[in-house]
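Hi,

Here is the structure I promised to pass on. Have a look at it first, and my notes on what turned up are underneath.

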Amino acid sequence: MPYLEQARFGSAALIQTSNLRYDLLSALVERWRPETHTFHFPCGECTVTLEDVTIQLGLPIDGSFVTGVSLFIDPAALCYQLLGDSPEDDESNFTGLKFTWLKAKFGELSATATEGELMCVCRAYIIHILGVILMLDANNNKVHLMYLPLLADLSSVSSYSWGSAVLVVLYRELSPTISPDVVDMYRCLTLLQS
């Protein structure tokens, strides 16, 4: 928890996704207007703001942009360096980490874990939070590796505007969902519901 707090992901780590009200979320999505990024109600308009993100998720909204490299020369070496292990993938140039691998590798923390192992587990947990709650992949089975280099120095993770990234991804996801052929939306539904 101290490493999560230092990275400003402590509040996001406490988010529970089991209480989502899909009827409420569907009603919101039906009222979304992509041209104004607002929900239109009979009583007026409202939207999710950066202030909402920082208050509800505790994520920083000031700082450097969250951008990452989308193609890695040696993703296995990156994983070994920052997570202490690498998935045994058939692909030599993978771009994402499967949640099943993250859970199997980092699901339980040893009572005798070293400082380095604690930092690796913290990075894995932040990657998991990003992929499962905040910036969920449509396939719902892995998180993109591009976020991992941003977690190299846990003391500088809070210098990135994670809240802005979450809001941008939510807005981008909401726009296509108003199309009748889109069945599900995947991004930060907890933020949208609250």
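Strands 1 and 2 make a hairpin with 4 residues between them, and His-37 in that turn has a positive phi of about 55 degrees. Before you read much into that angle, keep in mind that this is a predicted model. The two strands, residues 32-33 and 38-41, run antiparallel and are joined by 2 bridges. Across that pairing, Trp-32 stands opposite Phe-39 of strand 2.

Strand 2 then goes into another hairpin, this time with strand 3 and with 2 residues in between. Here 3 bridges do the joining, again antiparallel, and strand 3 covers residues 44-46. His-40 faces Glu-45 of strand 3 across the pairing. Put together, you get an open sheet of 3 strands in the order 1-2-3, with antiparallel pairing. Strand 1 and strand 3 are the edges, each pairing on one side only.

On to the packing. The largest nonpolar core has 59 residues. Phe-9, Leu-97, Leu-134, Trp-162 and Leu-192 have the most contacts inside it. Eight helices, helix 1 (2-6) through helix 8 (189-193), each supply at least two residues of this core; among them are helix 6 (115-134) and helix 7 (162-177).

Phe-9 is a handy place to start if you want to click through the core. Setting aside residues up to four places away in sequence, Phe-9 touches Leu-4, Leu-59, Ile-126, Ile-129, Leu-130, Leu-134, Val-157 and Trp-162. Two of those partners, Leu-134 and Trp-162, are also on the list of residues with the most contacts in the core.

The residue I'd like you to look at is Arg-123, which lies in helix 6. What does a buried arginine do without a salt bridge? The nearest side chain of opposite charge belongs to Asp-153, and that is 6.8 Å away, whereas a salt bridge would need a separation within 4 Å. What Arg-123 does have is a polar side-chain atom 2.9 Å from the backbone oxygen of Leu-151. Beyond its neighbours within four places in sequence, Arg-123 is in contact with Leu-82, Leu-83, Leu-151, Ala-152 and Leu-154. Leu-151 therefore turns up both in that contact list and as the owner of the backbone oxygen.

Cheers

Terms used:
Residues are numbered from 1 along each chain as its sequence is written. This is a predicted model: local features need pLDDT of at least 70, side-chain atom pairs count only at pLDDT 80 or more; totals for chains, interfaces and linings use all residues. Side-chain values use heavy atoms; hydrogens and water are left out. A nonpolar core is a set of buried Ala, Val, Leu, Ile, Met, Phe, Trp, Tyr and Cys residues joined through side-chain atoms within 4.5 Å. Buried means under 20% relative accessible area, exposed over 50%, partly exposed in between (1.4 Å probe, protein chains only). Contact means heavy atoms within 4.5 Å. Lys and Arg count as positive and Asp and Glu as negative; His and the chain ends are not counted. A polar contact is a pair of N or O atoms within 3.5 Å; within protein, one must be able to donate a hydrogen and the other to accept it, and residues adjacent in sequence count only if both atoms are side-chain atoms. Two strands pair if DSSP finds at least two bridges between them.
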